[in-house]
Structures are given as C-alpha cells and as structure tokens.
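Please open the model in your viewer and keep the sequence panel beside it. The tour moves from one selection to the next, and at each stop it says what is there.

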Amino acid sequence: MEAIKSKVIELADRLAPGSLLSIGAGKEAITVRLKPNAAELAEKLKESFGATVDITVGFKKFPLDVHFASRLTLHPPQVVDALSILHASIAMTSTRLPSGTSTTGRTLIENMGNTCLLFDASAPVGWLSEPGGSVTLGGHAGKIAASLQHMKLEPGAVGELSFIVGTADLGPSMSFLLSPGHYEVVVPVHVIMGSEHTEGVPRVIDLQVRDCYLSISDPLR
C-alpha cells in the first residue's frame, strides 16, 4: 500500500498540484481526499489505481452516489441574556467567489455591556445556505483550525475570530461544486464565558451569525 500511496501522491502533484487534501494507507485501500474542484484528478486516479483508492472529492465520494444526502441543519440561534451584552457580525474578505474556491472572513464580537468580559470563543468555519434558510448547502471541505481563542473585552471593545468558507456542495445534486448563485454566510460561534460572568448568563453560548451574503460564480477554468 505504501508504494501505491507514493504513486498517488506523485500523480496528483503532477496533474493537479495542491488538489490533494489528505492521504492515508488502510488495509484494503488508500484513502484520498481531494478539493471539490478536483473531479478530473479523481477520474485519473480511479483509472490508474481502481479499487485500491477510496476517493472523496469535497464532501462526496467519487464516483458520485445519487443517494448522497448529508445536508447539515442550521438550528435557530440560542436565545440567551448574553445577547444583550455580546453583539456579533461578519466581515468578509470578498463577497464574490468562483465555485470550487474558498475565502476567509472575520467574526466581530463587540462587548455591549458595562463591564469587562473574559471568555473563550471559536468560530473557525462558515457555511452557505439560501438567504434566510435553515439548510446548509455548501462549505469548506478542507482542514479547519478549531482552537478556542481567549478574549478580554472592555466595554465597547471588539474582538475578532477568523473563519473560512468554501464552495463544496453538500446537497443531493450530482455535483461536487456548489451551483452559481446568491448565498447567505452563516457562522456558528461557540462561546465559553468566564466563571465570573455566569450569574444570569449561560456558561456555554452557541450563536449563529448571519446577514452576510456571497455571490458564487462559475468555476475557474
């Protein structure tokens, strides 16, 4: 298997540099994860190595399974007292993006209260849905850094959390890429308040920040 693994890496680097997200050697097959715009590479790998490679392109197995249905449901934000002291918004690096690529953004968290707030927060990834929708249609299929970031915000101060959002398709369509269109960016934010703030405020707060939009165009050729 190690010999096949080396050949897969060599072929991927030659045909589509940067398209290989991860590779692992199992007992029966080499597990290969590719970027959502790497379907042509996946076809070449299958032609060359057959059943010895188990390939995922974006979120979906290759070849595509017509029965794929792994949409994620976006739950309504938790309504808590903390909403009166924390205000979150989104700032995108770009609001136009070719399908098959990713972009970054920042979740801005403002202390709307009258005292200093200490908390840990994480918001590493954004998802795409129909405007106002509750179903996730697409997102980033690569690696995500999900570590908590410690924040100390004085009244009126704003903290930032970086996130990535991608265009890999999560719906039942026979495509690895999200269709061109207008989508809403939804960023789940996980907050763990410091023990000094737990009176009247939940210790763990899960928010969903919305009201930012992204226009997806045709893939780059």
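The stops below begin with the whole chain, go on to a helix, and then visit single residues.

**Before you start**

This is a predicted model, in which local features need pLDDT of at least 70 and side-chain atom pairs count only at pLDDT 80 or more, while totals for chains, interfaces and linings use all residues. Residues are numbered from 1 along each chain as its sequence is written, and side-chain values use heavy atoms, with hydrogens and water left out.

**Stop 1: the whole protein**

Select everything and show it as a cartoon, in which you can look for two helices and 15 strands. Helices (H or I, at least four residues) and strands (E, at least two) are DSSP runs, numbered from the N terminus. The protein has 221 residues, and 42% of them count as buried, where buried means under 20% relative accessible area, exposed means over 50%, and partly exposed lies in between (1.4 Å probe, protein chains only).

Now switch to a surface, which amounts to about 11500 Å² of exposed area, with 53% of it supplied by carbon and sulfur atoms. These accessible areas come from the Shrake-Rupley method with a 1.4 Å probe, and for residues only the protein chains shown count as cover. Among contacts between residues at least 6 apart in sequence, 70% join residues at least 24 apart; contact here means heavy atoms within 4.5 Å.

**Stop 2: helix α1**

Select residues 2–15, which form helix α1, a run of 14 residues that reaches 20 Å from its first C-alpha to its last, close to the 20 Å expected at 1.5 Å a residue. The expected span is 1.5 Å times one less than the number of residues.

Which residues of α1 are buried? Colour V8, L11 and A12, since these are the buried residues of the helix. They lie on the same side of α1 because they cover an arc of only 100° around the axis, the arc being that of the directions from the helix axis to the C-beta atoms. If you then turn the helix round, the face directed away from the buried side carries the exposed residues E2, A3, K7, E10 and R14. To see what covers the buried residues, add β1 (20–25), β2 (30–34), α2 (39–49) and β3 (53–57), which are included in that cover.

**Stop 3: A39 and the cis bond**

Select A39, which is found in helix α2 and is partly exposed, with a relative accessible area of 27%. Leaving aside neighbours within four places in sequence, A39 is in contact with V57, F62 and F176. From F62, follow the chain to P63, where the peptide bond from F62 to P63 is cis, with omega near 0°; P63 itself is found in the loop between β4 (60–62) and β5 (86–92).

**Stop 4: S99**

Go next to S99, in the loop between β6 (96–98) and β7. Is this residue buried or exposed? At 2% relative accessibility, S99 counts as buried. The side chain of S99 reaches the backbone oxygen of L178 at 2.6 Å. This is a polar contact, meaning a pair of N or O atoms within 3.5 Å; within protein, one must be able to donate a hydrogen and the other to accept it, and residues adjacent in sequence count only if both atoms are side-chain atoms.

**Stop 5: N111 and the cysteines**

Select N111 in strand β7 (residues 102–111), a residue that is buried, with a relative accessible area of 1%. The side chain of N111 reaches the backbone nitrogen of G113 at 2.8 Å. Not counting neighbours within four places in sequence, the contacts of N111 include C116, L117 and L153.

How many disulfides does a search of the whole structure find? The search finds zero, where a disulfide is taken as a pair of cysteine sulfur atoms within 2.5 Å. You can compare two cysteines in the viewer: C116 is partly exposed, with a relative accessible area of 24%, whereas C212 is buried, at 10%.

**Stop 6: two late strands**

Finally, select P188 in strand β14 (residues 181–193), and then Q208, which is 20 residues away in sequence and 4.4 Å away in space, C-alpha to C-alpha. In strand β15 (residues 204–217) you will also find D211, whose phi is near 65°, a positive value in a residue other than glycine. At 65% relative accessibility, D211 counts as exposed.
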